[in-house]
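Visitor: Please take a close look at the packing inside this chain and describe it in one connected account.

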Amino acid sequence: MRLTKSTDIALRIAMRLAVADDTEAAPTTREVAAAMGVPYTHAAKVVSRLTHLGVVEARRGRGGGLALTTAGLTGSLGRLVRELEGSGDVVGCEDDPPCPLRAACRLRGALREAQEAFFAHLDPLTVQDLVGRPTGPVLLSLTGRPEG
């Protein structure tokens, strides 16, 4: 199973926001995009989705920026990935044209079980769990702010 690029970006942004300390200005979407090495337009869409899910708080204007909510920090990683990925099957049995084996196929069920095992493994984890050493210090070093 491979996560979509949007989910990958969302998890990296959440991790970066998880290590932001109170002494630094809240990072902007543009700064987080630069720090994570992703295009601003993709990051903006992902931040919008994370805000809608209650994972990120986005404040506009002077003194604004992004902050991870408590739910974003301590909520289930499995739940978050399910929300971001959707509930679709790993394979496109019902695509156009539909798979001719779909009525008698055992692969679809096996892949669905594997997918659920994947999510179940992530269920007890949180974003907070992901940002301990050595990850946290690396995330902090990725400022995305122009040197100078």
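Guide: Rings of Phe, Tyr and Trp (its six-membered ring) pair if their centres lie within 6.5 Å, with planes under 30 degrees apart counted as stacked, over 60 as edge-to-face and the rest as tilted. In the whole structure, the search finds 1 aromatic pair. The model is predicted, so local features need pLDDT of at least 70 and side-chain atom pairs pLDDT 80 or more, while totals for chains, interfaces and linings use all residues. Numbering starts from 1 along each chain as its sequence is written, and side-chain values use heavy atoms, without hydrogens or water.

The chain has 8 helices and 2 strands (DSSP runs of H or I, at least four residues, and of E, at least two, numbered from the N terminus). Its largest nonpolar core (buried Ala, Val, Leu, Ile, Met, Phe, Trp, Tyr and Cys joined through side-chain atoms within 4.5 Å) holds 31 residues. Those touching the most other members are I13, L17, L50, V55, V56, L68 and L80. At least two core residues come from each of α1, α2, α3, β2, α5 and α6; α1 gives the largest share, 7 residues.

Leaving aside residues up to four places away in sequence, I13 has contacts (heavy atoms within 4.5 Å) with V32, A43, V46, V47 and L50. T29, placed in helix α2, is buried (under 20% relative accessible area, 1.4 Å probe, protein chains only; exposed is over 50%, partly exposed in between) because its relative accessibility is 16%. With the same sequence neighbours excluded, up to four places away, T29 touches Y40, A43, A44, V47 and L66.
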